[in-house]
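Please open the model in your viewer and keep a selection tool at hand. The stops below follow one another, and each begins with something to select.

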Amino acid sequence: MNADVIVIGSGQTGVPLAARLAEAGREVIIVEAGHLGGTCVNVGCTPTKTMVASARLAAIVDRKDAIVQQWRKGVGRRLERAGGKLKLIEGQARFVGEREVEVNGERHRAETLIVNVGARPHVPPVAGLGGVEWLDSSSIMDVREPPEHLVVMGGGYIACEFGQMFRRFGSNVTIMQRGRHLLPREDTEVCEAIEEVFRSEGIVAVLGAEVVEVEKGDGEVVVRCGGDRAGRPGIHRGVRRLSHQCGGRIRRRRL
Ligand SMILES: Cc1cc2nc3c(=O)[nH]c(=O)nc-3n(C[C@H](O)[C@H](O)[C@H](O)COP(=O)(O)OP(=O)(O)OC[C@H]3O[C@@H](n4cnc5c(N)ncnc54)[C@H](O)[C@@H]3O)c2cc1C
């Protein structure tokens, strides 16, 4: 199929851009490999904000799913309103030429191609991760029972958001942050204020602790850490019990 514009991805920019170009008379194809609305609507801002202030996890996950569905339908309606010049193709776009993509075995060409493929959770190269169960920022949002103890690797915005959320759901929460503060991009005063709030809520933040290895134990996951470098966002994992070794000292706790 030929078009004036092909937009790959229906996230924050893809949808309004595709809709407005079609409304302005251009022939537009928008291609989406996953759910309409991208990260923000499905596994990012909207579902986390729905969950963060609440207390009963299973009911909250149902409510989150209902709100995500509602927003996803809203994105679909926005595309429909753009009229006949906008075509949605559900599938994975793959470049097969300079101005040509293939989706579901069919080729589509356009003068302009816009790549709005967004973000995915990053899995850090921590030894042993393949041998234990872990969650990332998307899969953690489908957990219906709060884990007894959640270890969060990384102390950035998303890590802190899930740490606080699961503490409020009733989990013991330990945040392993390799930088000297949580939210390392913020001013020190802001970091310290957030750390105080977290302490008062019973969240344990282990600072200057880079997770280097994880290992399956007897009904527990052992997290080994070391280092004292600048922080970076990480992934999130659920465990029943935690042992962690930091800076050569071994601390073991049963929950
Ligand atoms: C847990 C979490 C919480 C967040 N909270 C906030 C917040 O509070 N405030 C804030 O401002 N930001 C927040 N963000 C960040 C925000 O969600 C993203 O910055 C934003 O959604 C990025 O939008 P985007 O349009 O660039 O990409 P996305 O929304 O990721 O959209 C890209 C789309 O492209 C599709 N796609 C990818 N490859 C292909 C392909 N080859 N073919 C077809 N389709 C493809 C994907 O399926 C996806 O739907 C959060 C993110 C996460 C993960």
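Helices and strands are here runs assigned by DSSP, with at least four residues for a helix and at least two for a strand, and they are numbered from the N terminus. Asn-104, for instance, is found in the loop between strand 5 (100-103) and strand 6 (106-115). Please bear in mind throughout that this is a predicted model.

**The whole chain**

Begin with the complete chain, coloured by secondary structure, in which there are six helices and 14 strands. Of its 255 residues, 37% count as buried. Among the contacts between residues at least 6 apart in sequence, 63% join residues that are at least 24 apart.

**The ligand and its shell**

Next, select the ligand together with the 26 residues around it, of which Gly-9, Gly-11, Gly-38, Gly-44 and Gly-118 come nearest. The elements that give two or more residues to this shell are strand 2 (28-32), helix 2 (38-43) and helix 3 (45-52). Which element supplies the largest share of the shell? That share, four residues, comes from helix 2. If you now colour the shell around the ligand by class, you will find ten nonpolar, 15 polar and one charged residues.

**Helix 5**

Move on to helix 5, residues 157-169, which has 13 residues and reaches 18 Å from its first C-alpha to its last, close to the 18 Å expected at 1.5 Å a residue. Within helix 5, show the side chains of Ala-159, Cys-160, Phe-162, Gly-163, Gln-164, Met-165, Phe-166 and Phe-169, where a side chain exists, since these residues are buried. An α-helix has 3.6 residues a turn, so residues three or four places apart point the same way. Just after helix 5 comes Gly-170, whose phi is positive, near 115°.

**The largest nonpolar core**

From helix 5, widen the selection to the largest nonpolar core, which has 32 residues, and in which Val-152, Ile-175, Met-176, Val-211 and Val-223 have the most contacts. At least two residues of this core come from each of helix 4 (57-81), strand 7 (149-153), helix 5, strand 8 (172-177), helix 6 (188-200), strand 10 (210-216) and strand 11 (221-226). Helix 5 gives the most to this core, with six residues. If you colour by domain, you will see that the core draws at least three residues from each of domain 1 (2-115) and domain 2 (129-250). In soluble globular proteins, nonpolar side chains tend to be buried together.

Now centre on Ile-175: leaving aside neighbours within four places in sequence, Ile-175 is in contact with Val-152, Gly-155, Ala-159, Gly-163, Leu-182, Ile-203, Ala-205 and Val-206. Apart from the largest core lies another core, of 24 residues, among them Ile-8, Leu-21, Ala-22 and Val-31.

**Beside helix 5: Val-204**

Select Val-204, whose place is in strand 9 (residues 204-207). Val-204 is partly exposed, because 17 other C-beta atoms lie within 10 Å. Not counting residues up to four places away in sequence, Val-204 touches Val-173 and Thr-174. The C-alpha atoms of Val-204 and Gly-163, which are 41 residues apart along the chain, are separated by 9.5 Å.

**Two positive phi values outside glycine**

Return to Asn-104, where phi is near 50°, a positive value in a residue other than glycine. Is Asn-104 buried or exposed? Asn-104 is exposed, because it has 10 other C-beta atoms within 10 Å, and a residue counts as exposed at 12 or fewer. Then go to Leu-183, in the loop between strand 8 and helix 6, which has a positive phi of about 45° although it is not a glycine. With 19 other C-beta atoms within 10 Å, Leu-183 is partly exposed.

**Two last stops: Arg-109 and Gln-70**

Select Arg-109 in strand 6, which counts as partly exposed with 16 C-beta neighbours inside 10 Å. Leaving aside neighbours within four places in sequence, Arg-109 is in contact with Asn-2, Arg-99 and Glu-100. The pair Arg-109 and Asn-2 are 107 residues apart along the chain, yet their C-alpha atoms are separated by 4.8 Å.

Finish with Gln-70, whose place is in helix 4 and which is exposed, with 11 other C-beta atoms within 10 Å. If you draw a distance from Gln-70 to Val-41, C-alpha to C-alpha, it comes to 9.6 Å, while the two are 29 residues apart in sequence.

Notes. Residues are numbered from 1 along each chain as its sequence is written. This is a predicted model: local features need pLDDT of at least 70, side-chain atom pairs count only at pLDDT 80 or more; totals for chains, interfaces and linings use all residues. A residue is near a molecule or strand if its C-beta atom, placed from the backbone, lies within 6 Å of it. Ala, Val, Leu, Ile, Met, Phe, Trp, Tyr, Cys and Pro count as nonpolar, Asp, Glu, Lys and Arg as charged, and the others, Gly among them, as polar. The expected span of a helix is 1.5 Å times one less than its number of residues. A residue is buried if 20 or more other C-beta atoms lie within 10 Å of its own, exposed if 12 or fewer, and partly exposed in between; C-beta atoms are placed from the backbone. A nonpolar core is a set of buried Ala, Val, Leu, Ile, Met, Phe, Trp, Tyr and Cys residues joined through C-beta atoms within 7 Å. Domain bounds come from an automatic or database domain assignment. Two residues are in contact if their C-beta atoms, placed from the backbone, lie within 7 Å.
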